[in-house]
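Biologist: Please take a close look at one buried polar side chain and its surroundings, and explain the terms as you go. I would like one connected account rather than a list.

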Amino acid sequence: MNELLAARSLTTLPVVTLGGEAVAQVKDTVFDAAAGRITGFTLSGRGLLSGPLKQSLPWSGVHALGPHAVMIRDARALQDTSVVVARREAQQGRVLHAKVLTDEGAEVGTVLDVIVEGGTGGRVVGFRIAAGKVQGSRRRRHRVYVPRGETLAVSGRALVIPADATRYVADDLPAFVARVGAFRAGREGTAS
């Protein structure tokens with residue numbers, strides 16, 4: 001599995017061509033919540049006083065996503081913002097501050113961040129949530145990481161995850177990598 005990154009940590013990452021030219025920086029990450037993937041990034045100019053750009057970066061133009069930069073082949077990867085952000089999709093894809101519910105109806109917490117896989121996939125693998133007491137965690141009320149699961153519904157007000165995902169929480173991002181692997185292995189074992 002590629003390195004896991006918090007979506008909020010992507011804000012202000014430089015967008016760099018393979019030739020080494022910094023052409024923009026990430027303003028926001030745009031998701032297709034139902035598909036569980038990044039669809040692209042809105043951009044701002046490089047520099048403290050630079051405002052938003054009229055161009056965005058669709059995921060198809062990303063060569064690789066890493067913890068220090070978003071790599072693109074060249075500046076031709078940038079597209080009109082409407083290609084990345086369609087009003088209807090952007091509203092349906094809002095997950096920050098949404099309530100997290102299990103598919104059995106239990107409220108688990110509130111979304112604080114989205115965890116994505118770096119590299120070339122752009123896949124959403126889980127969420128950082130402010131949670132009440134969650135199975136597998138040592139603390140009562142705190143922030144935990146929970147896997148996304150394959151059945152996901154997002155309404156802008158609520159995020160629905162599989163109930164069994166709550167058995168695979170982690171208190172920190174490094175431990176979450178192993179928990180995501182265990183969750184996936186457990187899901188594949190039940191699908192057989």
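**Ser56 and its surroundings**

Modeller: The side chains of Ser56 and Thr81 are joined by a polar contact of 3.2 Å. A polar contact is a pair of N or O atoms within 3.5 Å; within protein, one must be able to donate a hydrogen and the other to accept it, and residues adjacent in sequence count only if both atoms are side-chain atoms. The model is predicted: local features need pLDDT of at least 70 and side-chain atom pairs count only at pLDDT 80 or more, while totals for chains, interfaces and linings use all residues. Residues are numbered from 1 along each chain as its sequence is written, and side-chain values use heavy atoms, with hydrogens and water left out.

Ser56 belongs to strand S5, residues 52-58. Helices (H or I, at least four residues) and strands (E, at least two) are DSSP runs numbered from the N terminus. Ser56 counts as buried because its relative accessibility is 1%; buried means under 20% relative accessible area, exposed over 50%, and partly exposed in between (1.4 Å probe, protein chains only). Leaving aside residues up to four places away in sequence, Ser56 touches Phe41, Thr42, Leu43, Ala77, Leu78, Gln79, Asp80, Thr81 and Val84. Touching, or contact, means heavy atoms within 4.5 Å.

Strand S5 is part of an open sheet of seven strands with mixed pairing, in the order S6-S7-S2-S3-S4-S5-S8. Two strands pair if DSSP finds at least two bridges between them. At the edges are S6 (62-65) and S8 (79-80), and each of these pairs on one side only. Gln79 and Asp80, touched by Ser56, make up the edge strand S8. On the other side of S5 in the order is S4. Strand S4 (residues 37-44) pairs with S3 (residues 22-32) in the antiparallel sense, over seven bridges. Leu43 of S4 is the bridge partner of Val26, and Leu43 is also among the residues that Ser56 touches.

Phe41, another residue in contact with Ser56, leads to the nonpolar interior. A nonpolar core is a set of buried Ala, Val, Leu, Ile, Met, Phe, Trp, Tyr and Cys residues joined through side-chain atoms within 4.5 Å. The largest one has 38 residues, and Phe41 is among those with the most contacts inside it, as are Val15, Leu57, Leu65, Val70, Val116 and Ile129. A second, separate core has eight residues, including Ile115, Val125, Ala170 and Val180. Leu65 touches Phe41 too, and its other contacts include Ile38, Trp59, Val70 and Glu117, again not counting residues up to four places away in sequence.

Glu117 shows another polar arrangement. It forms a salt bridge with Arg123, the closest N and O atoms being 2.7 Å apart. A salt bridge is a side-chain nitrogen of Lys or Arg within 4 Å of a carboxyl oxygen of Asp or Glu. Glu117 counts as buried at 7% relative accessibility, whereas Arg123 is partly exposed at 27%. The whole structure holds three salt bridges.

For the wider setting, the protein chain has four helices and 14 strands. Buried residues, Ser56 among them, account for 46% of its 192 residues.
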